[in-house]
Each structure stands twice: as structure tokens, then as C-alpha cells.
Amino acid sequence: MPLNRIYHSVVLVKQVPDTRNVTGEVMTAEGTMNRSALPAIFNPEDLNALEMALSIKDQHGGSVTVITMGPMQAAEVLREALFRGADRVVLLSDRKFAGADTQATSYTLKCAIEKLGRYDLVFCGRQAIDGDTAQVGPQLAEKLGIPQITYAESIIDLEGDELVVRRSFELGTELVKCKLPCLLTVVGSANRPRPASARKRIENKMAAIPSEYPKLLKKWPEFENEQSLDKYLEQHKLSIEVWTAADLNVNENELGLAGSPTQVYKVNYVVLETADSKEIQPTVDGIQELIAELVKEYIVE
Amino acid sequence: MTAERNIWVFIEQENQHIAEVSLELLGKGAEIARQLGSEVWAVLCGDAVGNLAERVIQHGADHVLLAEDRELGIYRTLPYSRVLTNLARQWKPYIFLIGATPVGRDLAPRIASALKVGLTADCTDLQIGDYVSKKEQVVYKDLLYQVRPAFGGNIIATIVNPKTRPQMATVREGVMRRGEPNPNRKGRVERVKVAFEPTDFALRVLSRETREPTVRLKDAAVIVAAGAGVDSPEEFELVRELANVLGGEVGASRAAVDAGFISREHQIGQTGSTVRPRLYIAAGISGAIQHRAGMDQSSKIIAINTDPNAPIFQIAHYKIVGDVAEVLPMLIKSLREKAK
């Protein structure tokens, strides 16, 4: 009879522009995109990854640490992770990390995970909706020297140092058994992410990083200055950890733009247009005329 | 012939069946090799798959590296990445192409990470060209331009790997045309030794099921596709009904697939199928580039959307500004009456 054990999970998440709902407002007349019109959101499949980690904690005990790399605004997704049940959150933020491709990103994440120390499971979403590369998970697993399970949909069994996972991809499924530690990339069909808990939201609503202090002082005039706010947050375990390159054991040549073998040569905004266009009224008459025209042109039989 | 400019193509096979995209890549690889004055090398891994080498040569390979081992029978990340990483270290190819299938997207980043080289995902086009680095004041000759949609498909980015080799890319199925096999083509087959580490077997496949696609959007004459504006099961039923009346297939934008109304197989766009039907009806689809690029070659496009500024209208031949819940029943009724 194997001993029941607990599992320490790390979940990697990303704040992304919501590219799924690009409406007319976001597109400019020239066919370029007004990125600032897109809201920044928690990458959808990263929520599924977080849910998978939280449900393991619910069943077996252990901890869930959430890491994100990004600008200071990315603290928002970390608060969201706290509201949903994460135990610890870390923001990797440094100019030296900026401009990273998937290679440099996975290297930075590897260094952060090694700093955390012990872990059993690493979770990522299958892919992020801004880049859609699905590369960071496998690249990170290689750098950590652990096996990977991509397209993970369900943990069928977790016992001792092994887990059984159902993978689900286009046109197929697979059942695999893997030794820990390992990395999973989680698909959107895996689960229904739990909403933020009201209690945790109240407990963690003040969680902040130092660059947010000036804004917060205006909101909470009861704090005299940044020092007193910082002291309060520290005492109440509400300081969100921010790690820079100096906090990690890194080779700086492998970070950010400098550590990225791929370079963007050019970017094109695609403008697709049709020459002839006709407006049809959404009325019975309008539709009937349309059908008649399509029949006449042998588009509809 | 310049050996250090060889193009490698990973041949994905399962149960003796070569993935369509691998054959497409052999054709594209041959085209690039002609430009560079080099060769296409295919890497064929599996358990007793040597009989496939001839077919690989007919589709464009000059040289086949054949890695056969029982441990390579069913695809697993670690044994495959071990073999391919070692081969790439030994031979130093100039370019390494892999299909952007579930296997390719699992394998390619693992290899690129081990080799510390650049990798571009889900390319829709590949070309050879020069790259001028203004920062370094250097011209990199004959790089691989890796063209891919980014930012949810709203932009098309051209990526290069100026310094690291091989230049790695995964390429989507269906975007390159597969050539006809040439039975007179000659090529060499070279068996290579494989060696593993005990840690390569940390994962075991207990069972694997694959199925044939149930929808053939590529060949459909009429497609009725649903987007985010179709947001209830009832409205989705209207989409199915209209497709049915027209004898067409049901398609979907990414938003509709993500919302869970329909399986990913029906997705049209850069991350789904590319289609060219006679008639395309876009119901409640806003028309992100990611979607439009997959259907803008349709002969006639009817778009229905409540937002008069929706990008889909830029390419629609017939614009209907209105609610799908009202317009679709009118279309269905009108078509049924015509049939009588």
C-alpha cells in the first residue's frame, strides 16, 4: 500500500490581449489593429491548467504556486489566481526579460522554477491566444529535464510518483502513464475553471506589487505613505513577490531579446477586401431577392 | 552541392501511414533545396518502417535517414526527441521542417530547446531570402523566411533565425500543395543507429485511439459557419438547419468552437481548415483575420452580423446587418418555399 502523499504544483500563466473578439472597433480604417482596444485577460487555457492544479491540491493536499512573466500589469492575473485558490504567486518582471521568444521565455521560467526548489508537477495551458505557438511548455520541460504530457485533458489517476493522464487532440485520444516530476500542457476541454471564491477575494483583494503602491495610496488614504502600506501588506502576506534577473541564477545572454534566436523580420496587417459588395435588407423581401439572385447565378440550386 | 545547406523533413508516420503534411513538406523542401543548391533529407523514425523510404524518395527526398527501433513504434516525446536531436547534432542541417500536427507540435519545441535554436510554429508559408540586421550591420544571406499568423491571426509575421542552425519551423497541414510522386526519382537510404537513456522511458503509452475526420470542409460546395454571434443552442440549430437545406456543411469560427457549440474539426481559419466553397454564409462571425484568411477565397460570401463595422463585411459579397436569430429563419423559409 503506497503512502498517501501531497503534491507541489507550479502553474505558469500569461496575461494576453483578448484576441478572440476582434470587432470593427479594434480594426482601424487602414486595416491595422488598435491593440489597446483589446482587454488584457488571463489566457483561457491557463485557467484550465490552474484548475487542474487546484483540484489536485483539493484531493491530495500540497501547494499551488503560480508564476507569470510580464510587465507590472500582469500582477492582475496573479491576483486572479489568488482569488481562485493559489497559495503563492510570483511575478517575473525585468526589462532584461522583455522581447523574449519562446526559447528565452522557457529559459527564464526554468530559472524561476529552479529557484522555487521542490516541485512535483508543472502545469501550463496548451497555448496562449496571442501567439498560439504551444512551444513554451515543451521547451521548458526539456530545459528542466523532465517528461512532458501535452494536450492533457484529464488526470485519471495520481498515486505515489506516477500519474495516468488522458490526452486529447484533433482526431484522437491517448492514455499515458508518467513518472513525476513532469510537465502538463492542459487543453480547454479539460475542466470548467472554478470562479474566484468570495472569501479569497476579500482576503486577497489588497495583494499588490510595489509599483502599484502610488495608485493604492489614493484608494486607501488610511495609509500615510508607501512604507506603511508595504509594512501592512508584508505583515498580512499580501505582497506579491516580484523577481528580477538579479533574483535568479541566470546567464543574462539567454534572456529576453538577446537570448531569442528568432527575430521578427516584418509584420503585415492583412487587408482583405472584395470589389463588389451589396447590402441586403434583413426583411422577408430582402432575403427573397437575395435567394432569387443566388439561384439566377447558379450559386444555389 | 552544399551539404551544409540541407533541408531536413521529419516524416511523421503511424501504423505505416505517412502524414499528409510530411509529403507536402517534402515537395516544399525540394523547391527550397533547388534554390539553395542543396538536398532534401527525410528523417524516418519508427519500428520496421523501411518500406516507406521509397515513397518518401518519390515525393522529393534525396536522402533518407532511417531510424528503426522497437521503442519508436508508438510516438513518444522523449525517445523521438533523443533520436532527432542526436541526428541533428551529428549532421547539422540548415533547415529542419516538421508538420504542425499534435505530434509535431509536441516534438519540435523539445528538439529546438535541446539544440537551443529558433523555432517558428504553425507556418503558412516558407521562402528563402536575405535579412539585413540594422543593429549588427550584417546581411544574412539565404535565410528561411517563416511566415505565420500571429496575434490571433490579426497579423502575418515573417520570422527569421539569423544565427542558429538548423532553422526550425512547424508547418500547418494543407497550406503547401502536395506534389505527385515521381516513380523514377532516385534517392539514398541510410540506416542510422539509435541509442537511448533510461530516463527516455519515463512515460508509457497505455492506449491510443485515432479516428478519421468526420467532416470534409475542404471539399464542401456550401458552408454555413457560426461565430460568436450564434450564442445559444437554438441559434446553432438554425445554422445546422440552413446548412441542411442547402446541402452544405457546418463550419465555425474559433469563438464558436471555444464556446463549446461544436467540435474543433469544424473550425475554419488559420488554426482550422482552409476552405474555398461556392457559397459561404458567415452567421454572427465578426471576421478576425484568423478566420477570414481561411475562407476569403470562397466564390460568394454572405455575412450576417449585428455590427455594421464587423470586419467580415469587408470581404462579403452580400452584407446583411441583422440578428442571426431573425435572418436565419427567413433564409431557411425562403429556400424551402423556392424548393416547392
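User: How are H8(A) and H8(B) oriented to each other?

Analyst: Two packed helices are described by the angle between their axes and the distance between the axes. In this predicted model, H8(A) and H8(B) are oblique to each other. Helix H8 of chain A covers residues 284-296, and helix H8 of chain B covers residues 324-339. Their axes are 9 Å apart and make an angle of about 50°. Angles under 35 degrees would count as roughly parallel and those from 65 to 115 as roughly perpendicular, so this pair is oblique.

User: In which hand does H8(A) pass H8(B)?

Analyst: The crossing of H8(A) with H8(B) is right-handed.

User: Which residues of H8(A) and H8(B) meet?

Analyst: From H8(A) come A:Val284, A:Ile287, A:Gln288, A:Ile291 and A:Val295. They meet B:Met330, B:Leu331, B:Ser334, B:Leu335 and B:Lys338 in H8(B). By class, this helix contact has seven nonpolar, two polar and one charged residues.

User: How many residues does the contact take from chain A and from chain B?

Analyst: Chain A contributes 68 residues and chain B contributes 81 residues. Several elements of chain A give two or more residues to the side that touches chain B, among them helix H3 (102-116), helix H4 (136-144), strand E12 (263-269) and H8. E9(A) gives the most, with eight residues. The side of chain A that touches chain B has 30 nonpolar, 22 polar and 16 charged residues.

User: Which strand of chain B pairs with E13(A), and in what sense?

Analyst: E13(A) pairs with strand E18 of chain B, residues 318-321, in the parallel sense over three bridges. Within this pairing, A:Ile280 has B:Ile320 as its bridge partner.

Notes: Residues numbered from 1 in each chain as written. Chains lettered and ligands numbered in written order. Predicted model: local features only at pLDDT ≥ 70, side-chain atom pairs only at ≥ 80, totals over all residues. Axes fitted to C-alpha atoms, helices over the stretch in contact; angles between N-to-C directions. Helix = DSSP H or I, 4+ residues; strand = E, 2+ residues; numbered from the N terminus. Parallel < 35°, antiparallel > 145°, perpendicular 65-115°, else oblique. Left-handed = near helix turned anticlockwise from the far one by under 90°. Contact = placed C-beta atoms within 7 Å. Nonpolar A, V, L, I, M, F, W, Y, C, P; charged D, E, K, R; others polar. Pairing = 2+ DSSP bridges.
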